[in-house]
Amino acid sequence: MTLDNILTKAKLTEMVEQLVHFEKMSYIDAVLHICSERGIDPADIGKLISPPIKAKIEAEGMAANLLPKTNSLNSFL
């Protein structure tokens with residue numbers, strides 16, 4: 001195994017952002033795509049997902065009604 005194959009939090013964040021930007025994937029799909037490519041169980045990737053990516057995945061989940069919506073400024077407008 002080379003150092004290029006080691007998946008860090010920073011590398012995963014960069015890979016996810018590139019897939020979202022260039023391949024027009026959702027954040028959820030980008031993470032699942034990386035898991036599939038690297039043979040990683042999606043249940044094991046959570047510790048490598050950075051807080052900003054987690055927040056974006058959570059927002060996608062709420063927008064798709066997969067997660068309960070939380071209070072936000074929009075609920076007061």
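Modeller: A helix here is a DSSP run of at least four residues, and a strand is a run of at least two. This model is predicted.

Colleague: How many helices and strands does the protein have?

Modeller: It has 3 helices and 0 strands. From the N terminus on, the elements run α-α-α.

Colleague: How do you know that the length of α1 agrees with its 14 residues?

Modeller: Set one value against the other. Helix α1 covers residues 9-22, and at 1.5 Å a residue it should span 20 Å. Its end C-alpha atoms are 20 Å apart, so the two values agree.

Colleague: And α2, what should its 12 residues span?

Modeller: The expected span of α2 is 16 Å. Its end C-alpha atoms lie 17 Å apart, which agrees.

Colleague: Which residues of α1 are buried?

Modeller: They are L12, M15, V16, L19 and V20. Down the axis of α1, these buried residues fall within an arc of 130 degrees, so they line one face of the helix. The other side of α1 has A10 and F22, which are exposed.

Colleague: What do the buried residues of α1 pack against?

Modeller: They pack against α2 (27-38) and α3 (51-63).

Colleague: Which residues are buried in α2?

Modeller: Y27, A30, V31, I34 and C35 are buried there. Around the axis they cover an arc of only 135 degrees, which puts them on the same side of α2. S36 and E37 are exposed, on the face turned away from that buried side. The cover over the buried residues of α2 includes α1 and α3.

Colleague: Why are α1 and α2 called oblique to each other?

Modeller: Take the angle. α1 and α2 pack at about 120 degrees, with their axes 9 Å apart. Roughly perpendicular stops at 115 degrees, and roughly antiparallel needs over 145. The angle fits neither class, so the two helices are oblique. α1 passes α2 in a right-handed crossing. On the α1 side, the contact is made by K11, L12, M15, V16, E17, L19 and V20. On the α2 side, Y27, A30, V31, H33, I34 and R38 make it.

Colleague: Now the loops. Why does S50 count as buried?

Modeller: Its relative accessibility is 8%. Buried means under 20%, so S50 qualifies. S50 sits in the loop between α2 and α3. Leaving aside neighbours within four places in sequence, S50 is in contact with K9 and T13.

Colleague: What makes K24 exposed?

Modeller: K24 has a relative accessible area of 67%. Exposed means over 50%, so K24 meets that cut-off. K24 lies in the loop between α1 and α2. Its phi is near 60 degrees, a positive value in a residue other than glycine.

Colleague: Where is N65, and what is its phi?

Modeller: N65 is in the segment after α3. Its phi is positive, about 60 degrees, although N65 is not a glycine. With a relative accessible area of 61%, N65 is exposed.

Colleague: Which residue with a positive phi follows α2?

Modeller: That is G39, with phi near 65 degrees.

Colleague: How much of the whole protein is buried?

Modeller: Buried residues make up 22% of the 77 residues.

Colleague: What share of the contacts with a separation of 6 or more comes from residues 24 or more positions apart?

Modeller: Such pairs account for 49% of those contacts.

Definitions and conventions
Residues numbered from 1 in each chain as written. Predicted model: local features only at pLDDT ≥ 70, side-chain atom pairs only at ≥ 80, totals over all residues. Heavy atoms only, no water. Expected span 1.5 Å × (residues − 1). Buried < 20%, exposed > 50% of the residue type's maximum accessible area, 1.4 Å probe, protein only. Arc of directions from axis to C-beta. Contact = heavy atoms within 4.5 Å. Axes fitted to C-alpha atoms, helices over the stretch in contact; angles between N-to-C directions. Parallel < 35°, antiparallel > 145°, perpendicular 65-115°, else oblique. Left-handed = near helix turned anticlockwise from the far one by under 90°.
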